[in-house]
Amino acid sequence: MNYAKKIIYQSNYWYNDGLKKAKVRDMSGAIISLKRSLQYNRENIAARNLLGLVYYGIGEVSEALVEWIISKNFRPRDNIANEYIKEVQDSANELEIINQAVKKYNQCIEYCQQNSEDLAVIQLKQVIAAHPTFLRAHQLLALLYLHDDQYAKAKQVLRAARKLDTNNEMTLRYLHELTRQRTRKGRRATSAAERKKKSDAVEYSLGNETIIQPRHSALKEMAGHLAVANLFVGAVIGAALIWFLVAPAVNQSRSERLNDQMREYSEQINSLEAQVSAQTRTLDNYRAAGEETEADAQQAQSTADSYESLMTVSDQYNSGEYTNATMADTLLSVNRDSLGDNGKALCDDLRDSIYPGACDTYFSSGTEALASEDYKSAVDDLSKVVRMDQEYNDGEAVYNLAQAYQGNGDNDNAVKYYQMIIEKFADSEYVQDAQKNYDALSGDNGSDSGDDSSSDSSDDSGDTDTEG
């Protein structure tokens with residue numbers, strides 16, 4: 001008893017911690033705390049509903065629906081999760097907009113993999129405009145801006161992302177990288193200005209003192225004196241002075257500036273190559289994470305759909321207003337493996353109650369369609385019977401389905417189900433006909449049919465091959 005109380009206490013402790021973090025928009029911390037709460041007590045309805053709200057707050061609508069549906073499964077009545085689900089379902093237009101935004105986000109990841117970052121940026125802006133709380137879209141757009149050295153835009157997007165989730169690890173990492181890149185760029189600009197200032201100065205000695213004088217001022221003063229001298233001495237002497245005194249200094253200054261520029265460009269190229277390499281690795285990691293996230297989202301959507309279908313069938317069964325065939329159609333869409341233990345137990349109970357009557361209905365209609373050569377309808381009805389119960393009528397449903405496929409011209413599926421009769425219903429009355437049809441369709445002409453077949457002449461065997 002004390003152990004159970006400790007578990008409940010720990011679950012409630014982490015729930016309260018998650019609630020505090022959610023109130024200050026620390027969504028990442030809230031998710032961690034609430035998941036820990038559910039590890040101690042998975043039936044903590046308050047924690048599960050709050051986790052759904054946190055997911056919804058950062059744009060993860062499918063994850064939110066999964067948590068609310070699981071909550072609804074644990075407590076069908078007096079559960080606020082019912083209102084959350086209903087509100088999402090009633091907002092059909094908004095839900096479709098969010099769905100399209102997620103699809104566009106996945107397309108942006110493909111653009112990044114194809115090195116089409118410009119297209120990804122354009123589409124990500126549309127995604128954020130349609131779904132402003134989609135945190136992953138903000139982060140990917142910021143990463144692309146960082147990759148393109150558009151630091152101001154990256155900072156603006158990251159600020160919006162931080163408002164959605166104040167302590168998200170990915171957002172904080174990008175902000176740190178942004179600060180580091182901008183600081184490095186500022187240092188390079190300051191260093192270049194100092195080198196330029198130094199190259200524009202003239203240094204000479206006068207006695208024991210060293211005098212530094214701006215180069216351009218000296219040149220201007222010298223140019224003024226030379227202009228005056230030219231008036232009195234003449235063009236020849238002035239040209240000689242310019243040639244022998246000014247030109248070497250100008251050439252030397254030009255050479256020094258070119259060397260400084262080449263060194264600066266070399267440093268910039270090395271720095272940019274390092275940046276591109278680091279950001280490319282980050283982008284590759286983000287792409288991989290995006291693929292994993294997409295797979296998780298698809299799995300979450302499958303789970304949500306299965307729970308929703310299961311709840312629908314449960315409500316229909318309790319109402320007593322629906323036929324077994326109608327309920328079986330919905331129940332067949334449930335992926336049992338994606339359900340929790342309680343969901344699996346409910347699914348098994350509903351199958352045991354619904355499938356037998358549904359099999360009778362669909363077997364009867366499928367067999368009538370087969371007799372009237374309506375092969376398509378026969379395939380539709382009989383395939384449902386086989387999915388619900390392969391053993392139905394000692395394999396008769398499987399045999400009729402094989403005949404329906406054969407009549408519909410689908411020989412591959414016909415061979416598949418004839419083979420199932422041969423392997424699983426070897427003692428049934430249908431096995432001989434199944435073997436005959438299997439041999440005819442597969443071209444195996446009775447190699448295992450017995451002594452009579454093996455004693456046929458080669459001419460007869462050739463005739464049989466021709467007919468097959």
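Helix α2, which runs over residues 27-40, offers a simple check on geometry in this predicted model: at 1.5 Å a residue, its 14 residues should span 20 Å, and because its end C-alpha atoms are 20 Å apart, the expectation and the model agree. Along this helix M27, S28, G29, A30, I31, S33, L34, S37 and L38 are buried, and what covers the buried residues of α2 includes α1 (2-23), α3 (45-57), α4 (61-74) and α9 (151-164).

Stepping back to the whole protein chain, the reader will find 20 helices and two strands. Of its 468 residues, 36% count as buried, while the chain exposes about 27,700 Å², of which carbon and sulfur atoms supply 49%. Among the contacts with a separation of 6 or more, 55% are accounted for by residues 24 or more positions apart.

The interior can be followed through its nonpolar cores. The largest of them has 75 residues, and those with the most contacts inside it are V54, W68, L310, L331, M388 and Y417; helix α14 (residues 341-371) contributes the largest share of this core, 10 residues. Apart from it lies another core, of 27 residues, which includes A120, F134, L144 and V157. Returning to W68, and leaving aside residues up to four places away in sequence, one sees that W68 touches R48, N49, G52, L53, Y56, A81, Y84, I85 and V88.

R48, one of the residues touched by W68, also leads to the charged pairs. Side chains of opposite charge can pair when their charged atoms come close, and a search of the whole structure finds nine salt bridges. In one of them R48 pairs with E67, with the closest N and O atoms 2.9 Å apart; this pair links distant parts of the chain, since R48 belongs to helix α3 and E67 to helix α4, 19 residues apart. Both R48 and E67 are buried.

A second pair joins the side chains of R136 and E60 in a salt bridge at 2.7 Å, N to O. Here R136 sits in helix α8 (residues 135-147) and E60 in the loop between α3 and α4, so that the pair links parts of the chain 76 residues apart. R136 counts as buried because its relative accessibility is 16%, and E60, with a relative accessible area of 13%, is buried too.

The salt bridge between R180 and E177, at 2.8 Å from N to O, lies within helix α10 (residues 169-199), where the two residues are three apart and therefore separated by about one helical turn. R180, at 32% relative accessibility, counts as partly exposed, whereas E177, with a relative accessible area of 18%, is buried.

Terms used. Residues numbered from 1 in each chain as written. Predicted model: local features only at pLDDT ≥ 70, side-chain atom pairs only at ≥ 80, totals over all residues. Heavy atoms only, no water. Core = buried A, V, L, I, M, F, W, Y, C linked by side-chain atoms within 4.5 Å. Buried < 20%, exposed > 50% of the residue type's maximum accessible area, 1.4 Å probe, protein only. Helix = DSSP H or I, 4+ residues; strand = E, 2+ residues; numbered from the N terminus. Contact = heavy atoms within 4.5 Å. Areas by Shrake-Rupley, 256 points an atom, 1.4 Å probe, with all protein chains shown as cover. Expected span 1.5 Å × (residues − 1). Salt bridge = Lys/Arg side-chain N within 4 Å of Asp/Glu carboxyl O.
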